[in-house]
Amino acid sequence: MALSVFDSKSASVRVFEPLNPGKVGIYVCGPTVQSAPHVGHLRSAVAFDIIANWLRIGHGFDVKLVRNVTDIDDKILVNAKEQGKDWRELALDVEAIFNSVYDSIGAGVEHRPHATEHIGGMISLIKELIGRGHAYQAAGSANVFFDTASWAGYGELTRQKLENMEGEAIGGGRRAAHDFALWKAPKVGEPDTAAWDSPWGRGRPGWHIECSAMTFAEFGEAFDIHGGGLDLRFPHHENELAQSRAAGYAFANYWMHNGLVTVSGQKMSKSLGNGVSVEEFFEQGSPAAVRYWLGSAHYRSTLDYSAGAIADAEAAVSRIRNYLTRNKANAGVIPVAFAEAMDSDFNVPAALGVLHDAVRAGNSGDESVAASVAAMAVVLGIEAPVAEVNHELAAKVEGLLEQRNAARANKDFTRSDSIREELNQLGVTIEDTANGTTWSING
RNA sequence: GGUCGAGUGGCUGAGCGGCCCAAAGCGACAGCCUGCAAAGCUGUAAAACCACGGGUUCAAAUCCCGUCUCGACCUCCA
């Protein structure tokens with residue numbers, strides 16, 4: 001069965017073939033740690049987590065998933081100054097928040113290169129570009145720009161022509177509107193800790209060069225998949241591509257862009273003030289529900305948020321999670337229909353349909369599906385709720401259940417119902433089954 | 001101005017030439033189960049005439065043309 005992937009550079013579905021047999025390298029643009037995460041970051045994280053899972057589980061690839069941390073940037077400096085904090089401290093604090101949120105929805109990543117750890121690599125890359133005639137230093141300043149006019153391939157990722165594009169004002173030594181900064185001279189008032197020595201003078205790297213240098217450090221001159229949000233396609237990814245290719249690297253073989261999260265049809269963004277914070281999301285449902293919702297649409301489509309969306313997702317995942325707790329099984333064979341859906345550019349919604357069908361079959365008494373349900377759930381990152389219950393509560397619940405069963409045996413239903421209500425108040429849901437009563441903590 | 005997407009039942013959301021009298025989930029209603037619920041199962045409904053108008057084809061939600069509406073990017077953004 002062939003895995004096909006929509007490659008946004010060629011704008012076509014291509015059969016996926018790793019550069020090195022059995023191994024897959026994925027680089028996903030991670031957050032700029034300037035302020036708290038928003039829902040869009042989570043969507044990207046979930047999308048690529050599922051993609052990596054399928055590459056590993058469905059195809060047995062040895063996947064290295066890298067998600068960088070942009071920890072030096074104009075906004076970090078600005079925000080830190082406003083908060084009267086050292087920028088490095090702000091970056092660290094914000095990154096910690098990101099990590100905990102990513103972890104809570106099961107989308108943590110092992111490889112997290114930081115921009116500030118790769119300044120040396122960026123400097124060599126810029127040197128290479130200047131040497132090849134694709135970059136220039138502005139007269140009388142440490143600013144270095146990429147020379148878009150020198151690179152015929154510029155615009156190939158987004159299939160745009162330079163003359164049709166709007167651009168920035170020419171100034172600061174920039175020769176053309178789309179020439180972008182590779183190295184930036186420090187601005188007045190910026191702390192000296194935010195500047196590094198370079199052949200062009202003290203300064204700091206431009207945003208785009210960071211990713212190019214980090215992919216090189218992690219994978220070398222070529223790697224399989226470059227991912228990120230659709231909003232990064234231009235200019236970020238276009239610029240990364242241009243500078244990396246101009247420096248002589250093959251760079252990414254496939255480009256994958258996840259769709260954006262919108263609210264009432266509009267992109268969620270700070271400037272529009274329509275952002276729904278991550279806190280608000282988690283108030284509406286469990287992390288499992290948030291993750292399910294984020295992954296429930298195809299990764300390339302726009303995901304529109306509306307009130308009640310998380311609650312709906314909660315109901316849907318609960319079906320699967322409840323089944324999982326009732327039918328514990330080791331991951332077994334993945335159904336063909338599920339594999340076909342995932343192989344077709346990671347069609348999670350269709351795969352979810354297969355999962356739900358299997359759950360229904362299982363709930364109808366077909367015990368043979370338990371292992372495959374477990375296997376599919378692992379791919380999608382759906383887990384049975386982990387009961388983190390303290391013994392005190394457990395003892396109390398068991399005691400109450402005993403009393404309730406006694407009451408039921410005596411047909412004292414007023415008593416048994418009040419006990420059920422009491423348990424409900426404790427946040428405990430009970431299920432009466434043929435084999436007795438089971439209970440679980442809500443959420 | 002340029003580039004690229006989207007419009008499918010009450011809601012979410014697959015399908016992208018025949019297997020579609022359109023998957024799956026949520027929601028609604030009914031039945032079964034239950035002491036009653038919950039969970040689960042079964043079934044039903046809502047005009048799903050697949051934005052609209054043409055066309056191609058033996059065959060179109062799916063391809064082509066036009067129209068309308070909405071969105072993203074072209075400045076920092078997952």
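**Figure 1. Residues around RNA strand B in the predicted model.** In this predicted model, 57 residues surround RNA strand B. W207, G229, L232, K267 and N347 come nearest to the strand. Sugar and phosphate make up 66% of the RNA strand B atoms that come within 4 Å of the protein. By class, the surface near the RNA has 18 nonpolar, 23 polar and 16 charged residues.

**Figure 2. Polar contacts between the protein and RNA strand B.** Three contacts are shown, one each for G229, V261 and D432. G229 uses a backbone N or O atom, placed 2.4 Å from a sugar or linking oxygen of RNA strand B. V261 also brings a backbone N or O atom, here 3.0 Å from a base nitrogen of the RNA. D432 contributes a polar side-chain atom, which lies 2.8 Å from a base nitrogen of RNA strand B. Helices and strands that give two or more residues to the surface near the RNA are α1 (39-57), β9 (222-229), α6 (233-246), α9 (309-326), α11 (348-363), α13 (391-409), α14 (413-425) and β14 (428-433). The largest share, eight residues, comes from α11.

**Figure 3. H356 in helix α11.** H356 lies in α11, the helix that gives eight residues to the surface near RNA strand B. The relative accessible area of H356 is 15%. H356 therefore counts as buried, under the 20% cut-off. Beyond its neighbours within four places in sequence, H356 is in contact with Y292, A316, R319 and I320.

**Figure 4. Two residues with positive phi.** Neither D345 nor K411 is a glycine. Phi of D345 is near 55°. D345 is found in the loop between α10 (336-343) and α11. D345 is buried because its relative accessibility, 4%, falls under 20%. Phi of K411 is near 60°. K411 sits in the loop between α13 and α14. K411 is exposed because its relative accessible area, 63%, is over 50%.

**Figure 5. The cis peptide bond at P235.** F234 and P235 are joined by a cis peptide bond. Omega for this bond is about 0°. P235 is found in helix α6. That helix, residues 233-246, is among the elements giving two or more residues to the surface near RNA strand B.

**Figure 6. The open sheet β5-β6-β7-β8.** Four strands form this sheet, in the order β5-β6-β7-β8. Their pairing is antiparallel. Strands of a sheet pair through backbone hydrogen bonds. The edges are β5 (135-137) and β8 (204-205), each of which pairs on one side only. Strand β7 (residues 181-184) runs antiparallel to β8, and two bridges join them. Here K184 stands opposite R204 in β8.

**Figure 7. The β14-β15 hairpin.** β14 and β15 form a hairpin, with two residues between the strands. Strand β15 covers residues 436-441. The two strands pair in the antiparallel sense over six bridges. T433 has G436 of β15 as its bridge partner. In a regular strand the side chains alternate between the two faces of the sheet. β14 (428-433) also gives two or more residues to the surface near RNA strand B. D432, with a polar side-chain atom 2.8 Å from a base nitrogen of the RNA, falls within the residue range of β14.

**Figure 8. Chain A as the setting for the close-ups.** Chain A has 14 helices and 15 strands. Its C-alpha trace spans about 95 × 55 × 35 Å along the principal axes. The domain assignment gives domain 1 (16-258), domain 2 (263-380) and domain 3 (391-441). The C-alpha centres of domain 1 and domain 3 lie 55 Å apart. Of the 443 residues in chain A, 48% are buried. Among contacts between residues at least 6 apart in sequence, 74% join residues at least 24 apart.

Notes
Residues numbered from 1 in each chain as written. Chains lettered and ligands numbered in written order. Predicted model: local features only at pLDDT ≥ 70, side-chain atom pairs only at ≥ 80, totals over all residues. Heavy atoms only, no water. Near = heavy atom within 4 Å. Polar contact = N/O pair within 3.5 Å; in protein donor to acceptor, adjacent residues only side chain to side chain. Nonpolar A, V, L, I, M, F, W, Y, C, P; charged D, E, K, R; others polar. Pairing = 2+ DSSP bridges. Domains from an automatic or database assignment. Buried < 20%, exposed > 50% of the residue type's maximum accessible area, 1.4 Å probe, protein only. Contact = heavy atoms within 4.5 Å.
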